[in-house]
Amino acid sequence: MGSILHTILIIFCSFFVPLAFCLVSLLLIKMIESCKRKEPLPEKLPLPPGSMGWPLIGETFQLYSQHPNNFFATRQQRHGEICKTHLLGYPCAMLASPEAARFVLVTHSHLFKPTYPRSKERLIGPSALFFHHGSYHTNLRKLVRASLSPFSVRRLIPAIDAASSSTLHSWNGHILPSFRAFKNLSFDIGILTIFGEHFVEHLGKTELRQNYFILDKGYNSFPNCIPGTLYSKAMNARKRIGGILREVVKERRVVHGGMKNFQKDLLSCLMEWRDDKGEKLSDEQISDNIIGVLFAAQDTTASALTWVVKYLHDHPKILEAVKAEQMAVYELNGGGSRPLEWAQSRSMSLTHRVILESLRMASIISFTFREAVADVEYKGYRIPKGWKVMPLFRNIHHNPEFFPDPHKFDISRFDASPKSNTFLPFGNGVHSCPGNELAKLQMLIFIHHLVTKYRFEVVGSNSEVEYCPFPVPKHGLPVRLWSVADEDGGRA
Ligand code: HEM
């Protein structure tokens with residue numbers, strides 16, 4: 001009996017006493033730590049100020065019943081740089097300062113992942129770059145960035161030149177909605193970027209275009225599987241696009257026996273890619289990323305270019321200055337007989353400032369969405385795990401503190417670089433736009449041809465805005481366009 005008691009005592013002393021000692025020490029350390037902490041633990045922090053609206057529907061009706069810019073601006077005025085709301089079934093934190101945008105997109109980007117509705121992921125393809133976070137995204141992004149770098153896009157100049165001339169040529173003498181014309185142009189340039197000049201007609205360029213536009217039309221429609229609806233048509237078009245792209249990939253593999261002889265277009269980069277274990281991308285992953293890039297490139301660039309044309313039209317003095325800058329290049333190129341050069345596109349500083357100011361004014365991507373992957377503390381507030389987080393680019397671009405008299409079109413704002421994180425038309429951080437150089441190049445080249453060879457006027461009122469879903473002047477900005485050569489010929 002005595003020996004049993006002795007054994008129990010030994011076990012107790014050798015196991016439970018050290019354990020108790022450890023626990024007490026841990027408790028003490030925690031107490032000291034929490035005394036030292038000036039701020040309470042994240043779960044004790046208050047949520048950001050603002051209203052969550054009605055149960056379930058939140059403030060969704062308020063967002064849709066007024067101009068979205070007013071919705072965000074009034075809340076920013078009331079609550080400051082961070083406030084909460086509830087939209088489309090999700091609690092959200094809206095962030096309207098450069099620091100907050102930097103926090104979410106750059107310095108603490110690991111705490112926020114991209115978030116899109118499943119219905120949109122299904123349409124584009126779940127492996128598209130911008131749905132992802134982490135190593136798959138990082139590796140793929142390197143590749144996409146490389147194929148859209150200034151070094152890579154400069155080889156596209158002759159083709160962009162030709163595509164812009166052809167767009168203007170078919171516009172000549174007609175009234176066309178600019179946005180529609182620019183959607184077609186951006187699609188063609190997207191195809192060139194992805195497939196180089198090897199995407200020949202028999203491989204289904206026309207079918208790809210037709211199906212892509214059906215997909216595009218259904219992207220913002222109500223998701224359902226009822227036959228005949230925009231969404232189900234878009235899903236069917238998506239399947240056909242997958243088939244076309246599989247054929248294109250097969251053709252490149254078989255006919256050309258690899259991609260070694262190709263210039264580095266995006267498709268060859270995607271096909272050559274291997275991960276750390278030597279695994280290549282599947283045909284589905286390649287398709288998803290091709291559609292993803294086409295999608296990211298098309299409406300954004302088309303909308304931006306539509307706004308540039310509108311602002312040029314509304315500011316005749318600026319238009320004259322742009323014309324003077326472009327005519328000098330035109331003359332140097334023998335009256336347009338030689339193609340534009342990369343160095344010339346880099347020297348169009350006034351036109352470049354027009355593009356930057358148009359991007360600021362129009363702020364076509366007004367905000368973006370992320371989702372908090374953990375409870376996050378920002379400036380004394382708690383953003384709970386699972387909340388949507390919205391850096392509001394437009395509010396930052398239209399804040400008079402950073403851009404005085406923000407609703408005035410003033411290109412001199414860009415004589416010097418804006419303060420960091422105040423100008424974010426292409427986002428910032430790990431998901432920032434890899435296509436920004438291409439988008440600017442496309443706009444510069446188009447403007448060059450427009451102002452050196454054509455005259456144009458906006459038809460009808462252009463003060464109202466519609467959302468497609470990017471903001472675009474009403475009816476896509478109908479524009480009448482005629483060539484200077486015809487005008488001069490007519491006068492003679
Ligand atoms: C004026 C035209 C454009 C604008 C304003 C624009 C704007 C943006 C913005 C703001 C983002 C970041 C979104 C976020 O953080 O959630 C983004 C991402 C992206 N953009 Fe653009 N973009 C334009 C043109 C293009 C073009 C021409 C391409 C490709 C050819 C492109 C490809 C992409 C891709 C692939 C992403 C996703 C990047 C990632 O998630 O890592 N964009 N764009």
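Q: What is the bridge partner of Pro114 in strand 5?
A: That's Arg370. Bear in mind that the model is a predicted one.

Q: What makes strand 3 and strand 5 a pair?
A: Pairing takes at least two bridges between the strands. Strand 3 and strand 5 (residues 370–372) have 3 bridges, in the antiparallel sense, so they count as paired.

Q: Where do these strands sit in the sheet?
A: The sheet is open, with 5 strands in the order 1-2-8-5-3 and mixed pairing. Strand 1 (82–87) and strand 3 (112–114) are its edge strands. From one strand to the next, the twist averages 35 degrees.

Q: Why are strand 1 and strand 3 called edge strands?
A: Each of them pairs on one side only.

Q: Which helix lies across strand 1, strand 2, strand 3, strand 5 and strand 8?
A: Helix 4 (residues 98–107) does, running at about 130 degrees to strand 8 (388–391).

Q: Which residues come nearest to the ligand?
A: Phe130, Ala296, Gly427, Cys433 and Gly435, out of 26 around the ligand.

Q: How do the residues of the shell around the ligand divide into nonpolar, polar and charged?
A: There are 16 nonpolar, 9 polar and 1 charged. Gly counts as polar, so Gly427 and Gly435 go with the polar ones. Phe, Ala and Cys count as nonpolar, which means Phe130, Ala296 and Cys433 go there.

Q: Which helix gives the most to that shell?
A: Helix 13 (283–314), with 6 residues. Helix 6 (135–147), helix 9 (178–195) and helix 18 (436–453) each supply at least two.

How values were computed. Residues numbered from 1 in each chain as written. Predicted model: local features only at pLDDT ≥ 70, side-chain atom pairs only at ≥ 80, totals over all residues. Helix = DSSP H or I, 4+ residues; strand = E, 2+ residues; numbered from the N terminus. Axes fitted to C-alpha atoms, helices over the stretch in contact; angles between N-to-C directions. Contact = placed C-beta atoms within 7 Å. Near = placed C-beta within 6 Å.
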